[in-house]
Amino acid sequence: MSFILLDDESDEALFGATVYIEELENGTTTDENGLARFENLPPAAYTFIFRHVGYEPITRTIEIPLTSTGTSGTTQDSGTTQNSRTAPPIEIRMEHEHGH
């Protein structure tokens with residue numbers, strides 16, 4: 001599963017943003033292209049928290065479905081799910097924090 005984080009106004013990729021999975025107490029940061037990737041997540045509903053300095057945090061609940069074979073994503077040939085390889089990144093558009 002992958003995400004691309006973009007500035008809502010300029011469409012620029014956000015480098016160094018954090019993507020945190022609350023249930024797993026685990027996270028990652030975006031690369032220079034605004035991409036963050038999680039491998040081999042078991043099927044479940046997860047709460048993702050997206051943060052970047054100067055932007056409003058975003059919380060999204062996303063469900064990872066079982067693969068069509070009914071397993072949590074093991075295939076004979078590649079060892080990864082077809083879905084995670086071929087699905088395009090989920091776009092997350094972040095808004096600048098508003099001054100108080």
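Which residue forms a salt bridge with R93, the closest N and O atoms being 2.1 Å apart? It's D11, and you'll meet that pair again in the first close-up below. One thing to keep in mind as you look: this is a predicted model.

**View 1. Two acidic partners share R93.**
Let's start with the pair from the opening question, D11 and R93. They come from distant parts of the chain: D11 sits in the loop between strand 1 and strand 2, R93 sits in strand 7, and 82 residues separate them. Now find D8, whose side chain also meets R93 in a salt bridge, at 3.3 Å from N to O. This is another long-range link, with D8 in the loop between strand 1 and strand 2 and R93 in strand 7 (residues 90-94), 85 residues apart. Zoom out a little and you'll find that D8, D11, E91 and R93 are linked in a network of salt bridges.

**View 2. Buried or exposed? A look at the surface of the salt-bridge residues.**
Buried means under 20% relative accessible area and exposed means over 50%, with partly exposed in between. D8 has a relative accessibility of 33%, so it counts as partly exposed. R93 comes out at 30%, so it is partly exposed too. For D11 the value is 48%, which again means partly exposed.

**View 3. R37 and E39 make a salt bridge of their own.**
Here the side chains of E39 and R37 meet, with 3.8 Å from N to O. E39 has a relative accessible area of 36%, so it is partly exposed. R37, at 44%, counts as partly exposed as well. If you're keeping score, the model has four salt bridges in total.

**View 4. F3 and F50 meet edge-to-face.**
Time for some rings. The model has five aromatic pairs. In the one shown here, the ring centres of F3 and F50 are 5.1 Å apart and the planes stand at 70°; an angle over 60 degrees counts as edge-to-face, so that's what this pair is. The two rings bring distant parts of the chain together: F3 is in strand 1 (residues 2-7), F50 is in strand 5 (residues 44-51), and they're 47 residues apart. Both F3 and F50 are buried. They also have company, since F3, F38, Y46, F48 and F50 form one aromatic cluster.

**View 5. Four strands line up in an open sheet.**
Follow the strands across and you'll read the order 3-2-5-6, with antiparallel pairing. Strand 3 (26-29) and strand 6 are the edge strands, each pairing on one side only. On average, neighbouring strands of this sheet are turned by 25° against each other, direction ignored. What holds neighbours like these together? Strands of a sheet pair through backbone hydrogen bonds, either parallel or antiparallel.

**View 6. V19 has a partner on each of two strands.**
Strand 2 and strand 3 pair antiparallel over four bridges, and in strand 3 the bridge partner of V19 is T28. Strand 2 is also joined to strand 5 by four bridges, again antiparallel. There, in strand 5, V19 has F50 as its bridge partner, the very residue whose ring pairs with F3.

**View 7. Strand 5 turns back into strand 6.**
Seven bridges join strand 5 to strand 6 (residues 58-64), and the two run antiparallel. One example to look for is I49, whose bridge partner in strand 6 is T59. The hairpin they make has six residues between the strands, and in it G54 takes a positive phi near 90°.

**View 8. T47 and its surroundings.**
You'll find T47 in strand 5. Its relative accessibility is 12%, so T47 counts as buried. Leaving aside residues up to four places away in sequence, T47 touches Y20, I21, E22, E23, T59, R60 and T61.

**View 9. How confident is the predictor, and where?**
The mean pLDDT of the chain is 86, and 80% of its residues reach 70 or more. Among the elements, strand 2 (residues 18-21) has the highest mean pLDDT, at 98, while helix 1 (residues 82-86) has the lowest, at 52. Over residues 73-84 pLDDT stays under 50, and the model has twelve contacts beyond four places in sequence for that stretch.

Terms used
Residues numbered from 1 in each chain as written. Heavy atoms only, no water. Phe/Tyr/Trp six-rings, centres within 6.5 Å; stacked < 30°, edge-to-face > 60°. Buried < 20%, exposed > 50% of the residue type's maximum accessible area, 1.4 Å probe, protein only. pLDDT = per-residue confidence, 0-100. Contact = heavy atoms within 4.5 Å. Pairing = 2+ DSSP bridges. Axes fitted to C-alpha atoms, helices over the stretch in contact; angles between N-to-C directions.
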